[in-house]
Amino acid sequence: MSVGTRLKALLINIGTDRKALYKVQEFYEERDVEVLLGEGVSFADLNDDALGRALDILYDLDLDTVYPQIALATVKQLWIIEQFDDLLPVHADTTSLTLFGGYPEPNTSEQSDSNQDSFAIARGYSKAHRPDLKQIIFGLCTLKGVPLCANVDKGNQDDHTWNKENVPRLFNLLDEQTQEKLLYIADGIWNSLRKMRYTLSLGSLRASSCVRT
């Protein structure tokens, strides 16, 4: 059974009656598996070991690269880009996800420049208004509600830095024709001359700032 079939089985379960990984097999005992997943596939094939191996393979492929490719293909298949005659408005924003429980402080001793930027659960600006708890930052770019790319970042990441890193990441996903139509829409915090110059230096990319009141 292919990795794609196993992942499809997980997605169907998540979208209908989400179960823990070890219970997914029980979920398919009550369903016509061949109709859902293809001829010759049995619920017995969908044990947690098989599903776990599929997730391991997906992780090794680098999700930050795989997902945007799938998202862009979906956008093209749905003819979303063709719905815009001029600019292609991509909305970008972050939110903080609060975590409960005990997490050790990141080791700041003898850090190199490379691991100072590594992922860490840490205290930062809490958009959930819980500065007492540690968090991670989740960033997302959408086109007409369809997520194009997303990433999880360290809890003390600020929006200035996230946008600076996210713009080229998003820009490199798109073909030249789509790049020419791209309008990057971010929070008012992005609206500084230095950041705007950086954004526009990427080429024909337009930048817009949304100021919240």
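Biologist: Before we look at the cysteines, what makes a residue "buried"?

Modeller: Buried means under 20% relative accessible area. Keep in mind that this is a predicted model.

Biologist: Thanks! Why is Cys141 called buried?

Modeller: Cys141 has a relative accessible area of 0%. The cut-off is under 20%, so Cys141 counts as buried.

Biologist: And what makes Cys149 buried or exposed?

Modeller: For Cys149 the relative accessible area is 5%. That value also falls under 20%, and therefore Cys149 is buried.

Biologist: How many disulfides does the structure hold?

Modeller: The count is 0. Cys141 is in no disulfide, and the nearest cysteine sulfur to it, that of Cys149, lies 3.9 Å away.

Biologist: Why is there no bond between Cys149 and Cys141?

Modeller: A disulfide is a covalent bond between the sulfur atoms of two cysteines. To be called one here, the two sulfurs must be within 2.5 Å. The sulfur of Cys149 sits 3.9 Å from that of Cys141, its closest cysteine sulfur, so the pair is too far apart for a bond.

Biologist: Stepping back, what share of the protein chain is buried?

Modeller: Of its 213 residues, 35% are buried.

Biologist: Which secondary structure elements does the protein chain have?

Modeller: You'll find 9 helices and 5 strands. Along the sequence they run α-α-α-α-α-β-α-β-β-α-α-β-α-β.

Biologist: How much of the accessible surface belongs to carbon and sulfur atoms?

Modeller: That share is 53%, out of about 13100 Å² for the protein chain.

Conventions: Residues numbered from 1 in each chain as written. Predicted model: local features only at pLDDT ≥ 70, side-chain atom pairs only at ≥ 80, totals over all residues. Heavy atoms only, no water. Helix = DSSP H or I, 4+ residues; strand = E, 2+ residues; numbered from the N terminus. Buried < 20%, exposed > 50% of the residue type's maximum accessible area, 1.4 Å probe, protein only. Areas by Shrake-Rupley, 256 points an atom, 1.4 Å probe, with all protein chains shown as cover.
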